[in-house]
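I opened a new page for this structure. My plan is to look up a few features and write down what I find.

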Amino acid sequence: MSEKKRVAVLISGRGSNMSALVEAARASEFPAEIVGVIANKASAEGLVFAGQNNIPTAVFALKDYADKAAADAAIDGQLRAWEVDIVCLAGFMRLLSAEFCAKWEGKALNIHPSLLPAFKGLDTHARALDDDVSEHGCTVHFVTADMDDGPIIGQVTVPVEFGDTPGLLAARVLKAEHKLYPWALAQVASGAIRFEDLQD
Ligand code: GRF
């Protein structure tokens, strides 16, 4: 097999999608390895899992930088230092600058808990229930400067069930996320899905 792609995962909290990527990447045939985890706050719970698994971590909090451009430049510098090929945003709750997105175009992925383009932004599960949809789900897409936009790599549909609450629905979607993200990363890392092939 050709050399594994080097991946960094950006998180803000729990990091369950990051953990799913780390677990998937243990397989010898997986085309990528997780070489670092970056958080925008030191309290991100997922940093504990990364540390326990001997994955290098780094924290870049916006408050420690003059502005967003400087914080993003610091993140970019860390990614270059780790010789990262692909960046996976996994619950990273801060919008990255257009400049950062341009630098990583075609090499940055994001997971979002809805069937995009439906329900961009926050509180997707509650909004889906409010809209009385029968199907919900999750999406992995390439990152572009516009939030929760960018070419779609893959989606998984999840049924909305009678009596669902945002929490119940979120838990069902999260299980699907943990399968979708490793699959999507493998597609991009192996070259099976390329940003340029998804352009209109
Ligand atoms: C996930 O639902 C992801 O789709 C969204 O934020 C949540 C992060 O969860 N962007 P986790 O930190 O991966 O557990």
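How are α1 and α6 oriented to each other? I note beforehand that I am working from a predicted model.

**Entry 1: two helices**

I looked up the packing of α1 and α6 and found an angle of about 50 degrees. Angles under 35 degrees count as roughly parallel and those from 65 to 115 as roughly perpendicular, so this pair falls under neither heading. The two helices are therefore oblique to each other. Their axes are 9 Å apart. I also noted the hand of the crossing of α1 and α6, which is right-handed.

Next I listed the residues that meet. On the α1 side they are Ser16, Asn17, Ala20, Leu21 and Ala24. On the α6 side they are Leu174, Glu177, His178, Tyr181, Pro182 and Leu185. Sorted by class, this contact has seven nonpolar, three polar and one charged residues.

**Entry 2: the largest pocket**

I looked up the largest pocket and wrote down a volume of about 850 Å³. It is lined by 36 residues, and Gly91, Phe92, Met93, Ile111 and Pro113 are the closest to its centre. By class, the lining has 17 nonpolar, 13 polar and six charged residues.

Which element gives the largest share of this lining? I found that α6 does, with four residues. The elements that each supply at least two residues are α1 (16-24), β5 (108-112), α5 (124-130) and α6 (166-190). I had already met α1 and α6 as a packed pair.

**Entry 3: backbone details**

Most residues other than glycine have a negative phi, and most peptide bonds are trans. I looked for departures from this and kept two.

Where does Glu83 lie? I found Glu83 in the loop between α3 (68-81) and β4 (86-89). Its phi is near 55 degrees, a positive value although the residue is not glycine.

The second is the peptide bond from Leu116 to Pro117, which is cis, with omega near 15 degrees. I placed Pro117 in the loop between β5 and α5. Both of those elements also supply residues to the lining of the largest pocket.

Notes
Residues numbered from 1 in each chain as written. Predicted model: local features only at pLDDT ≥ 70, side-chain atom pairs only at ≥ 80, totals over all residues. Heavy atoms only, no water. 1 Å grid on protein atoms, 1.4 Å probe; cavity = no way out; pocket = protein on both sides within 12 Å on 5 of 7 lines; lining within 4 Å. Points joined across faces, edges and corners; volume = space filled by probe spheres on them. Nonpolar A, V, L, I, M, F, W, Y, C, P; charged D, E, K, R; others polar. Axes fitted to C-alpha atoms, helices over the stretch in contact; angles between N-to-C directions. Parallel < 35°, antiparallel > 145°, perpendicular 65-115°, else oblique. Left-handed = near helix turned anticlockwise from the far one by under 90°. Contact = heavy atoms within 4.5 Å.
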